[in-house]
Amino acid sequence: MASVTPTSRFCVRSVCQPIDFSKDLNIVEYGAGAGVFSGYLLDHMTPDSRLFLFETNDILFEKLQELESPRVTLYDRSVEYVSELLPEKVVGEVDYIISGIPFSFLDVSTRNSILQQSLNILHVGGEFLAYQTSGHLKEPLQQTFGNVKTGWEWRNIPPMTVYEAIKK
């Protein structure tokens, strides 16, 4: 866990602002935690959208199992294996990735592998949306995606840098 408190509703809205919920979507969430984003996404997604959640903390994973939605697929494995774990028909067809995993805790090769896999599982125009406690992810996202926009959400404890990178 990277934070002592759940992500605020303000941060959730800020990160999810680019998402067009009017369409059927494939959304992947890295580090789904206690389900703050998952609940918001499920409330806004169409009935035919799919949500793929990754969480390695056993206690949080157990809490996510309470979601009990046919639109949700849960993985209690690291996103280091995301391209192997997602169904083959979803790889290259993901619309959005939402990530709260603490990239600053990862070694450079693991971080770069996750970002490259993220690029590979998105379709052209798909977006990588992340929130982090600092600006450390800007350069790696720029190197991987060739573009990145950043913002800041103060109404969260701690305040978060919000990232958006689009697969071109």
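## The buried side of helix α1

In helix α1, the buried residues are C11, V12, V15 and C16 (buried means under 20% relative accessible area, exposed over 50%, and partly exposed in between, with a 1.4 Å probe and protein chains only). They span an arc of only 120° around the axis, so they sit on the same side of α1 (the arc is that of the directions from the helix axis to the C-beta atoms). A handy reminder here is that an α-helix has 3.6 residues a turn, so residues three or four places apart point the same way.

This is a predicted model, in which local features need pLDDT of at least 70 and side-chain atom pairs count only at pLDDT 80 or more, while totals for chains, interfaces and linings use all residues. Residues are numbered from 1 along each chain as its sequence is written, and side-chain values use heavy atoms, leaving out hydrogens and water. Helices (H or I, at least four residues) and strands (E, at least two) are DSSP runs, numbered from the N terminus.

What do the buried residues of α1 pack against? Their partners are helix α2 together with β4 (94-99), β5 (122-132), β6 (149-153) and β7 (160-166) (contact means heavy atoms within 4.5 Å).

## How α1 meets α2

Let us turn to the helix partner of α1. Helix α1 covers residues 9-16 and helix α2 covers residues 36-44; the two pack at an angle of about 55°, and their axes are 10 Å apart (axes are lines fitted to C-alpha atoms, for helices over the stretch in contact, and angles run from 0 to 180 degrees between N-to-C directions). That angle makes α1 oblique to α2, given that under 35 degrees counts as roughly parallel, over 145 as roughly antiparallel, 65 to 115 as roughly perpendicular and the rest as oblique. The crossing of α1 past α2 is right-handed, meaning that the near helix is turned clockwise from the far one by less than a right angle, with anticlockwise being left-handed.

On the α1 side, the contact is made by C11, V12, R13, V15 and C16, and on the α2 side by V36, F37, Y40 and L41. These residues divide into 8 nonpolar, no polar and 1 charged (Ala, Val, Leu, Ile, Met, Phe, Trp, Tyr, Cys and Pro count as nonpolar, Asp, Glu, Lys and Arg as charged, and the others, Gly among them, as polar).

Helix α2 has its own buried set: F37, S38, L41 and L42. Looking down the axis of α2, these buried residues fall within an arc of 130°, so they line one face of the helix.

## The α5 and α6 pair

A second helix pair brings together α5 (residues 108-121) and α6 (residues 138-145), which pack at an angle of about 45° with axes 10 Å apart. That makes α5 oblique to α6, and their crossing is right-handed. From α5, the contact uses R111, L115, Q116 and L119, while α6 supplies P140, L141, T144 and F145. The split for this contact is 5 nonpolar, 2 polar and 1 charged.

Each of these helices has a residue worth a look. N112 belongs to helix α5 and counts as partly exposed, at 32% relative accessibility. In space, N112 and P158 are 25 Å apart, C-alpha to C-alpha, with their positions 46 residues apart in sequence. Helix α6 holds K138, which is partly exposed at 42% relative accessibility. Setting aside neighbours within four places in sequence, K138 is in contact with V148, T150 and Y163. Its C-alpha atom is separated by 18 Å from that of W154, 16 residues apart along the chain.

## Residues outside the helices

Is S8 buried or exposed? S8, in the segment before α1, is buried with a relative accessible area of 16%. Beyond its neighbours within four places in sequence, S8 is in contact with R155 and N156. S8 and V79 are 71 residues apart in sequence, and their C-alpha atoms are 23 Å apart in space.

Two backbone details round off the tour. The peptide bond from I157 to P158 is cis, with omega near -5°, and P158 is found in the loop between β6 and β7. E68 has phi near 40°, a positive value in a residue other than glycine. E68 lies in the loop between α3 (58-64) and β3 (72-75), and at 71% relative accessibility E68 counts as exposed.
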